[in-house]
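These are my notebook entries on a set of look-ups in one model. I went through contacts, spaces and backbone geometry in turn.

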Amino acid sequence: MIQEKFIITENKPLNAKIMLMRLSGNAPDIRAGQFINIKIDGLFLRRPISVCDYDGNEITVIYKIVGVGTEKMSKMRVGSALDVLLPLGNGYDLSCSGDKPLLIGAGVGIPPLYYLAKRLIAQGKKVTALLGYHSGNDVFLRGEFWRAGARVLAVTSDGSLGLKGRVTDHMADIDYTHFYTCGPEGMLKGVYEKSVTSGQFSFEERMGCGFGACMGCSCKTITGYKRICKDGPVLFKEEILW
Amino acid sequence: MVDTSVDLCGIRLSNPVIPASGTFGYGYEFAELYDINMLGTFSFKGTTLQPRFGNPTPRIAECTAGMINSVGLQNPGVDKVISEELPRLSRFFNKKVMANVGGFSIEEYAECASRLDKCDIVGWLEINISCPNVHGGGMSFGTSPLAAAEVTRAVKKAVNKPVIIKLSPNVTDIAAIASACEGEGADGVSLINTLLGMRIDLKTKKPIIANRKGGFSGEAIFPIALRMVNDVYSAVKIPVVGIGGVASAENVIEMMLAGATAVEVGAANLVEPFACKNIIEALPLTMEKYNINSLSEIIGGANG
């Protein structure tokens, strides 16, 4: 982990609630599934946000405006500096993907899977991305997955775009060797129940520090107590206790 | 050349800055960032006789200029701390460390402290009778002078190293409790632990913290901590370790003027992992700015 100043080079809405922010600076190597912890003026706790894309000196994050922190982030100006701790968390393990990994995400669980898809595709894997949204109006990143070379299946709750229902309704139709997932806990639990291979889950929790010092985000697993921020956020299916 | 060193219960510290228990783990995460031997010392994660998972999550809530935590003394238990954490710590920390001890009965405090007392790397035993996040122990020993005195007596009997009792601010008269500890032979007191606090999520209309309430810390509590340190300093002769909202070299000096011999830094470590390094590096220039040659000479200066 390092503490580094980044310059905001872009901060734009992707839809009514979802924003994309690009940061430029001296970034260390970041693994897919890791996150960064952002200092926001006037707020005590930093805000942990997953990395959507990383390219040497540029980091892209996609965040949803849900509270005072992300509200303030949405108003930050291009050109201003941001104090960031990074990279944090364990990230996804790419070595067990097999030839046909399935990426399952919904809402703001989708962004970290984009960087993962790019890395897996670079290794020659045939990636399928199963992406869940409320409706066609909420769709983001779908084109980027497709342009990166993934097979994309979009699912909307109301059926206004792509397949109808929940992402977990459509897992049985896909042939996959391993899965990677990130999204709301209800969806993660559904993936756990419907999945037929091993896989990796990225979890979310209210954090104090984000780097393993405070024990604020601990959880119980089959392999002992884990800190979501440091030993996670990615846990293997075999170690999860619901 | 200014002198930042202080004497804490017979052990010389190169400077008075001590990361507070529960905000620094066993030092590993911070040792990756900077050489933690620059610290005066640090107080490691609160240790109990038995392993503990602690409270359900969410354990953290944000506040203005601070945060609430309800971790609930998560730790691997004293035997594992001694067999695994302390040997690992001694590979990169070559100073004496402060062992923070939690408990649920007088016997447990004494037993846990006695086991840590035998470890070479341990310099002081900081006895936490003020954890607001556990039931049937913790803070209940810190809210009555009688119970605080009983814990002190039992621990003093069980150990040889200096005993510092960590006090709760959630009381009517903290000076009376400090005096009771002093009366039973405590070598020092540290204060304040966190203030009981609560936040409610307007969307769910329920408390943010799973345990409903927790301990409030951070810069917001500094004036309260400072006042209590001064109250206790005025009432006892043993060293007082000042804790609460410290985030700068100026705060350290202010705490010492109020009566602190050393100063613990807590919540600041969690949001600024370099907080203690920055404070220690800023101390000499800040001392010069305020015409201070020696930190140990200013202790309690506000009472002079």
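Entry 1, salt bridges. I began with the total over all chains, and the structure holds 21 salt bridges. I note that the model is a predicted one. I then picked out one pair within chain A: the side chains of A:Lys5 and A:Asp83 meet in a salt bridge, with an N to O distance of 3.9 Å. This pair links distant parts of the chain, since A:Lys5 belongs to strand β1 (residues 2-13) and A:Asp83 to strand β6 of chain A, 78 residues apart.

Entry 2, cis peptide bonds. I stayed with strand β6 (residues 81-88) of chain A, where A:Pro87 is found. The peptide bond that leads from A:Leu86 to A:Pro87 is cis, and its omega is near -15°. I found another cis peptide bond between A:Gly232 and A:Pro233, with omega about 10°. Here the proline, A:Pro233, is in a loop, the one between β14 and β15 (234-236) of chain A.

Entry 3, an unusual phi. In general, most residues other than glycine have a negative phi, and most peptide bonds are trans. I therefore recorded B:Leu73, which is not a glycine but has a positive phi of about 60°. I located B:Leu73 in the loop between β5 and α2 of chain B.

Entry 4, the domains of chain A. I took the division of chain A as domain 1 (2-87) and domain 2 (94-202). The contact between them takes 14 residues from domain 1 of chain A and 13 residues from domain 2 of chain A. I noted 23 Å between the C-alpha centres of domain 1 and domain 2 of chain A. The size of an interface is often given as the accessible area lost when the parts come together. For domain 1 and domain 2 of chain A, I noted a buried area of about 1200 Å², with 64% of it from carbon and sulfur atoms. How many salt bridges are counted between domain 1 of chain A and domain 2 of chain A? The count is 1 salt bridge. I also looked up A:Lys118 and A:Asp53, whose side chains meet in a salt bridge at 3.0 Å, N to O.

Entry 5, the interface of chain B and chain A. I found 35 residues of chain B in contact with 29 residues of chain A. The two chains bury about 2600 Å² between them, and carbon and sulfur atoms account for 60% of this area. Which three residues supply more of the area that chain B buries against chain A than any other three? They are B:Phe53, B:Glu62 and B:Val271, which together supply 25% of it. I recorded 4 salt bridges across the interface of chain B and chain A. I also recorded the salt bridge in which the side chains of A:Arg46 and B:Glu272 meet, at 3.4 Å from N to O.

Entry 6, the cavity. I searched the whole structure and obtained 1 cavity of 30 Å³ or more. The volume of the largest cavity is about 530 Å³. In chain B, β5 (66-69), β15 (260-265) and α8 (268-271) are the elements that give two or more residues to its lining. I counted 38 lining residues for the largest cavity, and those nearest its centre are B:Ser21, B:Thr23, B:Asn69, B:Asn193 and B:Thr194. By class, the lining of the largest cavity has 18 nonpolar, 16 polar and 4 charged residues.

Entry 7, the second largest pocket. I noted about 600 Å³ of space in the second largest pocket. Its lining comprises 25 residues, and the closest to its centre are A:Met215, A:Tyr225, B:Gln74, B:Pro76 and B:Glu85. At least two lining residues each come from β14 (224-227) of chain A and from α1 (28-31) and α2 (78-90) of chain B. I classed the residues of the lining of the second largest pocket as 6 nonpolar, 7 polar and 12 charged.

Notes. Residues numbered from 1 in each chain as written. Chains lettered and ligands numbered in written order. Predicted model: local features only at pLDDT ≥ 70, side-chain atom pairs only at ≥ 80, totals over all residues. Heavy atoms only, no water. 1 Å grid on protein atoms, 1.4 Å probe; cavity = no way out; pocket = protein on both sides within 12 Å on 5 of 7 lines; lining within 4 Å. Points joined across faces, edges and corners; volume = space filled by probe spheres on them. Helix = DSSP H or I, 4+ residues; strand = E, 2+ residues; numbered from the N terminus. Nonpolar A, V, L, I, M, F, W, Y, C, P; charged D, E, K, R; others polar. Domains from an automatic or database assignment. Contact = heavy atoms within 4.5 Å. Buried area = accessible area lost by both parts, 1.4 Å probe.
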